[in-house]
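This report describes how the helices and strands of one protein chain are arranged and how they meet one another. It is written to be read alongside the sequence and the structure shown here.

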Amino acid sequence: MAHVRIVRETPLSVAEAWRRLTDWERHGTVVPLTRVTVTTPAPSAAGTVFVARTGFGGRLGFDDPMEVVAWQPPHRCRLVKRGRFVTGWAEFEVRALGAGGARVEWREELRVRAVPGALDPVLAVAGRWMFGRAVNGLLRDGS
C-alpha cells in the first residue's frame, strides 16, 4: 500500500475547516477530472457513501466508491475505499491551534489494482501531490 500523510495549518476555525473537508461534492472541484456524487441521504454520518468518478467521461475513467466508517465532528473522519480499482482508506483530523485557526492532518493508504507493490513509493509521491493540492484547495476556497 502507498502511504500518504499531509499536514496543513489554516486560519479557519475547526468548525469551518471541518465543513469544507466534509463537503464531499466539493472534492470534485479540487481533484482534476473528478466528479463526486453522494449516494446516501444527508446529513453525512457513519454510513454515508459517495463515489468519486475520475476520467474523461464515458468508459475512460473509474469509480472510487467510499464509505464513511468513523464520524466524530468536527475532529475526525475515516473513509474506506471500496472500489474495484482503488482500495484502502483515508482519514483526517482537525484540531485547534493555540493561537487560533486549525491544523489538518490527512492520512491515506491506498492500493491501485494492476499497479505492482514495488511502485507504491511512486504512488505515494503522486498521492501526496494530488491530495495535498486537494486539501489546499478545500481549505482555501470555501464559500
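Which residues in H1 meet which residues in H3? In this predicted model, Ala17, Arg20 and Leu21 in H1 meet Leu138, Leu139 and Arg140 in H3. The residues of this contact divide into 4 nonpolar and 2 charged, with no polar ones.

**The two helices**

Two packed helices are described by the angle between their axes and the distance between the axes. Helix H1, residues 14-21, and helix H3, residues 120-140, pack at an angle of about 125 degrees, and their axes are 9 Å apart. That angle makes H1 oblique to H3, and the crossing in which H1 passes H3 is right-handed.

**The sheet**

Strands of a sheet pair through backbone hydrogen bonds, either parallel or antiparallel. Here, 7 strands form an open sheet in the order S1-S7-S6-S5-S4-S3-S2, and the pairing is antiparallel. Strand S1 (2-10) and strand S2 (34-38) stand at the edges with a single partner strand each, so one side of each is left without a neighbour in the sheet. From one strand to the next, the twist averages 20 degrees.

Both helices are placed against this sheet. H1 packs on the sheet and touches S1, strand S4 (61-72), strand S5 (76-82), S6 and S7, and its direction makes about 160 degrees with that of S6. H3, for its part, lies across S1 and S7 and runs at about 25 degrees to S1.

**Strand pairs and their hairpins**

The table sets out the bridges for three of the strand pairs.

| Strand pair | Bridges | Direction |
|---|---|---|
| S4 and S5 | 6 bridges | antiparallel |
| S5 and S6 | 7 bridges | antiparallel |
| S6 and S7 | 11 bridges | antiparallel |

Each of these pairs can also be followed through its turn and through particular residues. S4 and S5 form a hairpin with 3 residues between them, and Gln72 has Arg76 in S5 as its bridge partner. S5 and S6 likewise form a hairpin with 3 residues between them; in this pair Lys81 stands opposite Gly88 in S6, and the bridge partner of Val80 in S6 is Trp89. The hairpin of S6 and S7 has 5 residues between the strands, and Gly100 in its turn has a positive phi of about 100 degrees. Across that pair, which joins strand S6 (residues 86-96) to strand S7 (residues 102-112), Val86 stands opposite Val112 in S7, while Trp89 has Glu109 in S7 as its bridge partner. Trp89 is thus a bridge partner of Val80 and also of Glu109.

**Burial along S5 and S6**

Which side chains of S5 point to one face and are buried, and which point to the other and are not? In a regular strand the side chains alternate between the two faces of the sheet. Along S5, Cys77, Leu79 and Lys81 point to one face and are buried, whereas Arg76, Arg78, Val80 and Arg82 point to the other face and are not buried. A reader may wish to note that Lys81, a charged residue, belongs to the buried group. The neighbouring strand S6 is mostly covered, with 9 of its 11 residues buried.

**Two single residues**

Glu109 lies in strand S7. Leaving aside residues up to four places away in sequence, Glu109 touches Met1, Ala2, His3, Thr87, Gly88 and Trp89, and the last of these is the residue whose bridge partner in S7 is Glu109. The C-alpha atoms of Glu109 and Glu16, which are 93 residues apart along the chain, are separated by 25 Å.

Asn136 lies in helix H3. Is Asn136 buried or exposed, or does it count as something in between? Asn136 counts as partly exposed because its relative accessibility is 29%, a value that falls between the 20% limit for buried and the 50% limit for exposed. Although Asn136 and Glu9 are 127 residues apart along the chain, their C-alpha atoms are separated by 9.7 Å.

Methods. Residues numbered from 1 in each chain as written. Predicted model: local features only at pLDDT ≥ 70, side-chain atom pairs only at ≥ 80, totals over all residues. Heavy atoms only, no water. Axes fitted to C-alpha atoms, helices over the stretch in contact; angles between N-to-C directions. Helix = DSSP H or I, 4+ residues; strand = E, 2+ residues; numbered from the N terminus. Parallel < 35°, antiparallel > 145°, perpendicular 65-115°, else oblique. Left-handed = near helix turned anticlockwise from the far one by under 90°. Contact = heavy atoms within 4.5 Å. Pairing = 2+ DSSP bridges. Buried < 20%, exposed > 50% of the residue type's maximum accessible area, 1.4 Å probe, protein only.
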